[in-house]
Amino acid sequence: MPGPLRRLWTYAARHRSRMWWASTLSVVNKVLDIAPEILIGGAVDIVVRRERSWLSGFGVVAVRDQILVLAALTFVVWALESLTEYGYELLWRNLAQTVEHQLRVETYAHTLDLDLAYFEDASTGGLMAVINDDVNQLERFLDRGANELIQTVVAVGGVAAVFFVLAPSVAALAVIPIPLIIWGSIQFTRRMAPRYSAVRDQAGNLASQLSNAIGGVATIKAFTAEDREVDRLQDESERYRVVNRWAIRLSAGFIPGIRVFILAGFLATLIYGGFRTLDGTLEVAAFSVLVFLTQRLLWPLTRLGETLDLYQRAMASTQRIFDLLDTARTVVSGHVPLSNPKGAVEFEAVSFSYRTGPQVLTGIELSIPAGSTVAVVGATGSGKTTLIKLLLRFADPTSGRITLDGHDLRSLELEDLRSAMALVSQDVFLFHGSVRENIAYGRPDATTDEIVAAAEAAEAHEFILELAEGYDTIVGERGQKLSGGQRQRLSIARALLCDSPVLILDEATSAVDNETEAAIQRSLRRIAHQRTMLVIAHRLSTIRHADRIYVMDGGAVVEEGSHDDLAARGGIYAGLWSVQTGMVTGDG
Ligand code: ADP
């Protein structure tokens, strides 16, 4: 069994018993489906041989009675065929839905679990193409493909058996094309595989182009780049068309090609069988069954092509799904539970480099005692945000270690670690939903009083009440219906509601007006004494009162101390401070 199919089979193991039932019904149904042709032979036999017919051997001698018995038999066969068809359709299709549902949910859950670094390289559209389109593609195969394969085998095997019973020499001629058809189908499948993977990959590229562009629609408009973006999409879409055309060129030729082999088998039966019937060495009834059945023997094999086609696409998709499921995390949870965290954080000789690029942090030593407020300042690119990523364990240090209450972060339960920290990040992300839901994102069970208290502490309560529907106002995708300052305050309320012992604040460089800044400062001062705070500051005024300030430059800590110490020292900090307070004088 090829890799992806084997994986799928193992994956669907929990549904084995349902699969057996479905397969049994598929087999019974196909046998019943071949029966009418044999019954036609029976009818011909009755009118030709009358009292000496095959049916008379079972004790029904009167010819009219024989016809009635045959009619009753036909009725039963057709009724059972319908029933079993209903049964297998129900089972196979629901099974397809179930497997699809499980795979979709599992892939999604797995994706959310992956390292943040993974998402920096993967494209959103590409991931969506796997979780959505590829899973759907698989469903199309499971829906019909498995049943088709089983029924083809049964049809060919069953019909061939009937052939050999009735007329072995004709049968030998009729089955000659079978190996050729199967060989042709396999060749076909093999050639199709790379073409379908190319189609799936290009579908992913197309999706990522789309999601990227629609996500940045405001920028596109601002730079009047609509035409350029349409051109870009047109190029991707054209590439999609080209790879599809490559696939279609081959796939469209399959059935016409196979038909030639079928024609050969059919003509052989017609001519050879016809001559033998004329010679009197083959019964008329047997000849009619054979002629009708040759089609039933060979046509299902053409469906084999379609099914293999479906199969091949499904396997391309399955491969992509399992590739995603196989993507491993590098950040794995430790086992030490963290109860009642105090929030003391230490960076001990921490160095770090991203998978690509140079070392970003070098020998960082930071000490943040529980309950204190520590600020980190430094030019853009000096590594401040990277510090936060390491603290939240979005990645692990290349060397050195970070501890929380004395425990190496790597030893702690990941969930406990992340619950101990609340993050207000620079680019606030709000979800499509109400203000209330967004504030309660970290604690969905919070009461209204708690939500309001958090909003008040973040100085967001007043503006929320002024919104059209107060706390029930829908903020729009990514919160685009709110101003930057409002989003910022909501994100502070959201972090405060979590009531985590460590609050990390990556201060926004822009988007915050003076009034918002003042509000944020007030709320921070109010909450600072209740928890450990790590503030990444761009405005030094925000951190004047921090217990300790670290100054970073080029990935290393170059100065540390209180505001007054640093301002007096005449180093980098003092320089920044004089720029920001406007104390730099041009000419003395
Ligand atoms: P700051 O927050 O001080 O502006 P960052 O911590 O964001 O600085 O970035 C520090 C350095 O790391 C920069 O040179 C930046 O280009 C690099 N960097 C940030 N993120 C990544 C990443 N995902 N992959 C590779 N390099 C990165």
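Strands are DSSP runs of E with at least two residues, and helices are runs of H or I with at least four, both numbered from the N terminus. The legends below use these labels for a predicted model.

**Figure 1. Leucine 534 in strand β8.** Strand β8 covers residues 532-536 and holds leucine 534. Relative accessibility here is 2%. Buried means under 20%, so leucine 534 counts as buried. Neighbours within four places in sequence are set aside for the contact list. What remains is Ile368, Val374, Val376, Leu391, Leu503, Ile504 and Leu505. For a distance across the model, take histidine 15. Its C-alpha lies 51 Å from that of leucine 534. In sequence the two residues are 519 apart.

**Figure 2. Alanine 349, a positive phi in strand β1.** Strand β1 runs over residues 345-353, and alanine 349 is found in this strand. Its phi is positive, at about 45°, although the residue is not a glycine. Alanine 349 has 37% relative accessibility, so it counts as partly exposed. Beyond its neighbours within four places in sequence, alanine 349 is in contact with Gly363, Ile364, Glu365, Ser399 and Gly400. Leucine 25 gives a second reference point. The C-alpha atoms of alanine 349 and leucine 25 are separated by 67 Å. Along the chain, 324 residues set them apart.

**Figure 3. Aspartate 405, a positive phi in a loop.** Where is aspartate 405 placed? The loop between β4 (399-404) and β5 (407-408) holds this residue. Phi of aspartate 405 is near 50°, a positive value in a residue other than glycine. The relative accessible area of aspartate 405 is 25%, which means partly exposed.

**Figure 4. Arginine 489 in helix α17.** Helix α17 spans residues 484-498 and contains arginine 489. Is arginine 489 buried or exposed? Its relative accessible area is 10%, so this arginine is buried. Residues up to four places away in sequence are not counted in what follows. Arginine 489 touches Ala458, Glu459, Ala460 and Phe463. Thr516, Ala519 and Ile520 complete the list of residues touched by arginine 489.

**Figure 5. Glutamate 229 in helix α9.** This glutamate is part of helix α9, residues 226-251. Which residues are in contact with glutamate 229, leaving aside neighbours within four places in sequence? They are Gln209, Ala213 and Ile220. From C-alpha to C-alpha, glutamate 229 and leucine 210 are 9.5 Å apart. Their separation in sequence is 19 residues.

**Figure 6. Alanine 122 between two helices.** Alanine 122 sits in the loop between α4 (116-121) and α5 (124-166). With a relative accessible area of 23%, alanine 122 is partly exposed. Serine 208 is 86 residues away from alanine 122 along the chain. Their C-alpha atoms are separated by 9.5 Å.

**Figure 7. Threonine 327 after helix α11.** Helix α11 covers residues 284-326. Threonine 327 is placed in the loop between that helix and β1. Its side chain reaches the backbone oxygen of aspartate 323 at 2.9 Å. Neighbours within four places in sequence are again left aside for contacts. Threonine 327 is then in contact with His110, Leu114 and Tyr118.

**Figure 8. The whole chain, as context for the close-ups.** The protein has 20 helices and 10 strands. Its C-alpha trace spans about 125 × 50 × 45 Å along the principal axes. The radius of gyration is 36 Å, whereas a compact globule of 588 residues would have one near 25 Å. Of the 588 residues, 46% are buried. Contacts between residues at least 6 apart in sequence give a further view of the fold. Of these, 76% join residues at least 24 apart. The accessible surface comes to about 29,800 Å², and carbon and sulfur atoms account for 59% of that area. The protein carries 55 positive and 67 negative charges. The mean positions of the two sets of charges are 8 Å apart.

Technical notes. Residues are numbered from 1 along each chain as its sequence is written. This is a predicted model: local features need pLDDT of at least 70, side-chain atom pairs count only at pLDDT 80 or more; totals for chains, interfaces and linings use all residues. Side-chain values use heavy atoms; hydrogens and water are left out. The radius of gyration is taken over C-alpha atoms; the globule rule is 2.2 Å times the number of residues to the power 0.38. Buried means under 20% relative accessible area, exposed over 50%, partly exposed in between (1.4 Å probe, protein chains only). Contact means heavy atoms within 4.5 Å. Accessible areas come from the Shrake-Rupley method with a 1.4 Å probe; for residues, only the protein chains shown count as cover. Lys and Arg count as positive and Asp and Glu as negative; His and the chain ends are not counted. The place of a charge is taken as NZ of Lys, CZ of Arg, CG of Asp or CD of Glu. A polar contact is a pair of N or O atoms within 3.5 Å; within protein, one must be able to donate a hydrogen and the other to accept it, and residues adjacent in sequence count only if both atoms are side-chain atoms.
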